[in-house]
Amino acid sequence: MKRHRSYALSNVGFLLPGLGLLAIFVVVPIILTAWISLHRGSMAVPYSALKWVGLHNYTLIFQQANFKTALMNVVLYSVANIVIILPLAILLGLFLSQKVLKGRNFLRALLFIPYMIPNVAVAIVWGYLYAPQYGPLNQMLGWLHIPAQNWLASPQQAMFSLIILNVWQTLGYYVVMVLAGLTEIPQEYYEAASIDGAGWFQQQLHLTLPLLKRALAFVVVIMTINTLQIFDPVYVLTQGGPINATNVVAYHMYVTAFNYGQAGPASAMAMVLFAIVLILSLIQLRLFRSL
């Protein structure tokens with residue numbers, strides 16, 4: 001009994017530093033944001049000066065056309081990224097996992113490098129690539145006799161341009177996750193399938209994808225969380241424009257808080273985004289578990 005008690009105490013001792021940091025930097029800010037979302041006041045006043053308004057801020061933000069547009073934009077951005085990145089990550093993961101491929105470690109590193117570059121730096125570089133007059137992308141289109149595109153200045157193309165940027169930057173990160181899932185699949189399964197006459201495509205369809213379910217679930221959840229919180233490219237490149245075409249919840253929340261000083265509505269937006277991320281993550285995990 002004493003041994004079990006000392007073992008439990010030692011485990012608690014090892015966990016306390018991590019749990020303490022988690023509470024200080026994650027749990028406490030969430031609780032504080034939820035509390036502010038129920039009050040009215042400026043960002044410049046102390047907490048004691050905030051006035052209780054209950055759920056008024058939540059009612060207020062859902063009456064704003066700009067917030068509803070930002071909500072639809074970020075959902076569209078997230079769905080488009082998942083639809084594009086997930087198949088590419090699986091295909092590239094299968095390609096880079098082939099032992100006969102020479103230089104596969106170099107290719108893996110090459111794919112992962114863009115993810116290591118700071119988001120702001122990537123946004124600045126892509127801003128030059130998308131430049132309407134002297135941008136390299138429009139110059140290459142000119143070589144093909146295709147008219148120059150407005151990219152970030154076009155309401156129809158601006159969001160798609162941000163999606164391309166994110167695919168380029170984060171694809172390698174998700175490929176690495178898929179590769180990690182592929183390494184957990186025993187090779188004996190493939191050997192047995194080959195003996196039974198299954199071809200490469202049949203092996204991937206009936207063996208790899210089902211056994212990769214846990215890794216893919218993690219990829220989809222992480223991708224959903226990351227894309228729903230998009231902020232840096234919007235802040236650097238478009239500021240929500242043109243005509244709110246790239247306005248997303250995180251940026252709209254930032255403008256509400258720091259440009260207009262409305263702490264309550266901005267905190268309510270943060271809690272709505274938090275709830276959406278949490279609910280979607282739980283739904284996705286449940287769906288993958290039932291497959």
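Buried means under 20% relative accessible area, exposed over 50%, and partly exposed in between (1.4 Å probe, protein chains only). This is a predicted model, where local features need pLDDT of at least 70, side-chain atom pairs count only at pLDDT 80 or more, and totals for chains, interfaces and linings use all residues. Residues are numbered from 1 along each chain as its sequence is written, and side-chain values use heavy atoms, with hydrogens and water left out.

**Exercise 1. Work out which burial class isoleucine 243 and asparagine 244 each fall into, then look at their backbone.**

Step 1: Isoleucine 243 has 76% relative accessibility, so it counts as exposed. Asparagine 244, at 27%, counts as partly exposed.

Step 2: Find them on the chain. Isoleucine 243 sits in the loop between helix 11 and helix 12, and asparagine 244 is in the loop between helix 11 and helix 12 too. Helices here are DSSP runs (H or I, at least four residues), strands are E runs of at least two, and both are numbered from the N terminus.

Step 3: Check phi. Isoleucine 243 isn't a glycine, yet its phi is positive, about 55°. For asparagine 244, phi is near 65°, again a positive value in a residue other than glycine.

Step 4: Look at proline 242, also found in the loop between helix 11 and helix 12 (249–259). The peptide bond joining glycine 241 and proline 242 is cis, with omega about -10°.

**Exercise 2. Describe how helix 3 and helix 10 pack.**

Step 1: Two packed helices are described by the angle between their axes and the distance between the axes. For helix 3 (residues 65–96) and helix 10 (residues 213–228), the angle is about 145° and the axes are 9 Å apart. Axes are lines fitted to C-alpha atoms, for helices over the stretch in contact, and angles run from 0 to 180 degrees between N-to-C directions.

Step 2: List the residues that meet, with contact taken as heavy atoms within 4.5 Å. Helix 3 brings residues including Val74, Tyr77, Asn81 and Ile85, while helix 10 brings, among them, Leu216, Val220, Met223 and Thr227.

Step 3: Sort by class: this contact has twelve nonpolar, four polar and no charged residues. Ala, Val, Leu, Ile, Met, Phe, Trp, Tyr, Cys and Pro count as nonpolar, Asp, Glu, Lys and Arg as charged, and the others, Gly among them, as polar.

**Exercise 3. Decide where the buried residues of helix 5 lie around its axis.**

Step 1: In helix 5 (residues 119–129), the buried residues are Val122, Ala123 and Trp126.

Step 2: Seen down the axis, they fall within an arc of 100°, so they line one face of the helix. The arc is that of the directions from the helix axis to the C-beta atoms.

Step 3: Those buried residues pack against helix 4 (104–116), helix 7 (158–183) and helix 11 (232–238).

**Exercise 4. Map the surroundings of threonine 208.**

Step 1: Threonine 208 belongs to helix 9 (residues 200–211) and, with 1% relative accessibility, counts as buried.

Step 2: Its side chain and that of glutamine 204 share a polar contact of 2.7 Å. That term means a pair of N or O atoms within 3.5 Å; within protein, one must be able to donate a hydrogen and the other to accept it, and residues adjacent in sequence count only if both atoms are side-chain atoms.

Step 3: Set aside neighbours within four places in sequence, and threonine 208 is in contact with Leu94, Leu182, Ile185, Tyr190 and Gln203.
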